[in-house]
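Please open the model in your viewer, with a cartoon for the backbone and sticks ready for side chains. The stops below say what to select at each point and what is to be found there.

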Amino acid sequence: MMLIIMGYNVGRLRKRAGVCTMEKVAQRCIVCELERSDGIAICEQFICQRCEQEMVNTDVQDEKYPFFIHQMRRIWLRKDA
Ligand SMILES: [Zn+2]
């Protein structure tokens, strides 16, 4: 299953951007808002590995999907700010 967010496929985006191997410094995940050191950065926003996996495995029909969209949208809003 593929997760489409704002027209982007996360898996493809990750490959194209190159996985930003994060330094082992805790950063606040934009999705769960917990500080974690494992994860990826998309558009300079941090998403922890747990949330990334959850998003990738969340079906569009899933009730959690709108929540992820909402959280991800904040990335784009921040980018424009
Ligand atoms: Zn998270």
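**A tour of the chain**

Begin by selecting Glu33, which sits in the loop that links strand S3 (27-28) to strand S4 (35-36). In this predicted model, the phi of Glu33 is near 60°, a positive value in a residue other than glycine. Most residues other than glycine have a negative phi. Glu33 is also exposed, with 10 other C-beta atoms within 10 Å.

Now zoom out to the whole chain, whose secondary structure comes to three helices and six strands, and which reads along the sequence as β-β-α-β-β-β-β-α-α. Of the 81 residues in the chain, 17% are buried. Among contacts with a separation of 6 or more, 33% are between residues 24 or more positions apart.

Next, select residues 39-42 and 45-48, that is, strands S5 and S6, which run antiparallel and are joined by four bridges. If you colour Ala41, you will find its bridge partner in S6 to be Phe46. The two strands form a hairpin with two residues between them, and Cys43, in the turn, has a positive phi of about 55°.

Continue along the sequence to helix H2 (residues 49-56) and show the side chains of Cys51, Glu52 and Met55, which are buried. They cover an arc of only 100° around the axis, which puts them on the same side of H2. An α-helix has 3.6 residues a turn, so residues three or four places apart point the same way.

Stay in helix H2 with Met55: is this residue buried or exposed? Met55 counts as buried because it has 20 C-beta neighbours inside 10 Å, the cut-off for that class being 20 or more. If you then draw a distance from Met55 to Ile69, 14 residues away in sequence, the C-alpha to C-alpha separation is 9.4 Å.

With Met55 still selected, add Cys29, Ile30, Val31, Ile40, Ile42, Phe46, Ile47, Cys48 and Cys51, and the selection is then the largest nonpolar core, which has 10 residues. S5, S6 and H2 are the elements that give two or more residues to this core, and the largest share, three residues, comes from S6.

For the last stop, keep Val31 from that core and display its surroundings. Which residues is Val31 in contact with, once its neighbours within four places in sequence are left aside? They are Ile47, Cys51, Phe68 and Gln71, and of these, Ile47 and Cys51 belong to the core just selected.

Methods:
Residues are numbered from 1 along each chain as its sequence is written. This is a predicted model: local features need pLDDT of at least 70, side-chain atom pairs count only at pLDDT 80 or more; totals for chains, interfaces and linings use all residues. A residue is buried if 20 or more other C-beta atoms lie within 10 Å of its own, exposed if 12 or fewer, and partly exposed in between; C-beta atoms are placed from the backbone. The arc is that of the directions from the helix axis to the C-beta atoms. Two strands pair if DSSP finds at least two bridges between them. Two residues are in contact if their C-beta atoms, placed from the backbone, lie within 7 Å. A nonpolar core is a set of buried Ala, Val, Leu, Ile, Met, Phe, Trp, Tyr and Cys residues joined through C-beta atoms within 7 Å.
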